[in-house]
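Okay, everyone, let's get going. I'd like to walk you through one model today, so have a look while I bring it up.

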There are 2 protein chains.
Amino acid sequence: MDKIDRRILTILQKDARRAAELIGAEVGLSASAVQRRIVRMREEGIILAEVAVIDPKRAGKALTMIVDVEVERERPELLASLKQWIAAEPCIQEAWYVTGAGDYVLIVLARDVEDFEALMQRLVADNANVRRFQTRVALSTLKRGMWVPLDPSS
Amino acid sequence: MDKIDRRILTILQKDARRAAELIGAEVGLSASAVQRRIVRMREEGIILAEVAVIDPKRAGKALTMIVDVEVERERPELLASLKQWIAAEPCIQEAWYVTGAGDYVLIVLARDVEDFEALMQRLVADNANVRRFQTRVALSTLKRGMWVPLDPSS
DNA sequence: TATGAAAACGATTAACT
DNA sequence: AGTTAATCGTTTTCATA
């Protein structure tokens with residue numbers, strides 16, 4: 001991945017529909033050359049996907065919660081099923097396993113508080129290793145996205 | 001937004017490049033009808049963007065941190081500039097203002113620990129209202145994305 | 001007002017230099 | 001990597017329900 005690839009990716013991360021010819025004009029390449037680089041980066045897995053981003057509010061998901069989930073580290077055999085549970089749960093948008101007391105951090109979308117409560121009850125009921133969780137409500141979303149900064153040099 | 005719109009969005013949230021004709025085959029509409037609905041949803045702001053998702057590791061951003069930032073609520077005049085600072089900082093990928101003791105939650109990408117430390121030092125140096133912060137390192141990323149579940153009924 | 005069919009247009013892909 | 005030609009997808013047009 002060279003400097004031009006990075007510039008192409010910086011553009012595509014904001015607008016995946018930008019025509020190769022326009023990108024080429026910005027980076028000083030023909031449309032075909034740009035297109036070839038894009039195809040290559042898809043194949044190499046640098047570009048993981050091209051997706052539509054929709055407004056959660058318009059989709060009836062007005063609430064965002066940041067949930068810290070503490071699990072019992074003594075029962076590692078239950079971790080795989082918890083991971084699967086998280087993967088299968090569409091309202092859990094993002095999840096990380098983090099340093100600390102066996103903690104997971106979840107980004108959860110919900111229609112309302114009842115919707116969220118129901119999800120959390122299922123989380124606890126379905127996963128015996130969940131010891132407790134702490135919820136923080138997002139009062140405002142300052143920034144969202146998957147945008148990765150790319151050093152334009154080198 | 002009707003049931004078919006929701007089905008179209010569910011598809012586009014996974015693959016924004018899917019041809020309208022293929023989507024039409026799934027939802028029982030012609031390519032033109034699907035295309036018109038997509039254009040309408042872009043105009044209405046339901047579809048916020050169509051973006052390429054890239055692998056942060058391949059982009060040299062191997063570390064993800066979840067940072068809780070505590071700010072002094074007594075100085076609300078400094079909040080606007082903190083928000084701008086966050087917006088302008090490319091390594092801060094996501095940010096929410098959350099319930100609790102004047103807390104922000106940040107998702108931060110970094111090349112390495114030094115890179116991260118430098119960012120946090122700038123955060124504190126540039127924003128006098130930042131009282132303290134707590135960092136958790138993402139040991140594994142279980143789930144990422146902007147995918148919003150859409151009730152296929154109604 | 002929304003659709004499907006078909007023409008016109010534009011972008012991507014493939015072949016060749 | 002660039003240029004051209006062929007292919008494919010989108011957009012527009014138009015007739016219809």
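**Domains, symmetry and DNA**

So, chain A is assigned two domains, domain 1 (3-43) and domain 2 (63-137), with bounds that come from an automatic or database domain assignment. The centres of domain 1 of chain A and domain 2 of chain A, taken over C-alpha atoms, are 38 Å apart.

Housekeeping before I go on. This is a predicted model, where local features need pLDDT of at least 70 and side-chain atom pairs count only at pLDDT 80 or more, while totals for chains, interfaces and linings use all residues. Residues are numbered from 1 along each chain as its sequence is written, chains are lettered from A and ligands numbered from 1 in the order in which they are written, and side-chain values use heavy atoms, with hydrogens and water left out.

UniProt, in an unreviewed entry, puts "domain: HTH asnC-type" at residues 1-62 of chain A; UniProt positions are in the numbering used here, feature names are shortened, and annotations may be inferred rather than shown by experiment. That stretch, residues 1-62 of chain A, is 50% helix and 13% strand, and its end C-alpha atoms are 39 Å apart. Helices (H or I, at least four residues) and strands (E, at least two) are DSSP runs, numbered from the N terminus.

Now, symmetry. What rotation superposes chain A on chain B? A rotation of 180°, with 0.0 Å of shift along its axis and an RMSD of 0.0 Å; that's least squares on the C-alpha atoms of residues with pLDDT of at least 70 in both copies. The two copies are thus related as by a two-fold rotation axis. In chain A, V51(A) has the C-alpha nearest the axis, 2.8 Å from it. And 100% of the interface residues of chain A are also interface residues in chain B, so the copies meet through the same surface; contact here means heavy atoms within 4.5 Å.

On to the DNA, strand C to begin. There are 13 residues around DNA strand C, the closest being A20(A), Q35(A), S30(B), R36(B) and R37(B); near means a heavy atom of the residue within 4 Å. Sugar or phosphate makes up 54% of the strand C atoms within 4 Å of the protein, and bases the rest. For polar contacts (N or O atom pairs within 3.5 Å), Q35(A) has a polar side-chain atom 2.8 Å from a phosphate oxygen of DNA strand C. On the base side, R36(B) puts a polar side-chain atom 3.0 Å from a base nitrogen of that strand. The elements giving two or more residues to this surface are α3 of chain A and α3 of chain B.

And strand D? Which residues come nearest to DNA strand D? Of the 13 around it, S30(A), S32(A), R36(A), R37(A) and Q35(B). Here sugar and phosphate account for 52% of the strand D atoms within 4 Å of the protein. S30(A) has a polar side-chain atom 2.8 Å from a phosphate oxygen of DNA strand D, and R36(A) has one 2.8 Å from a base nitrogen. For A20(B), a polar backbone atom is 2.9 Å from a phosphate oxygen of DNA strand D.

How values were computed. A polar contact is a pair of N or O atoms within 3.5 Å; within protein, one must be able to donate a hydrogen and the other to accept it, and residues adjacent in sequence count only if both atoms are side-chain atoms.
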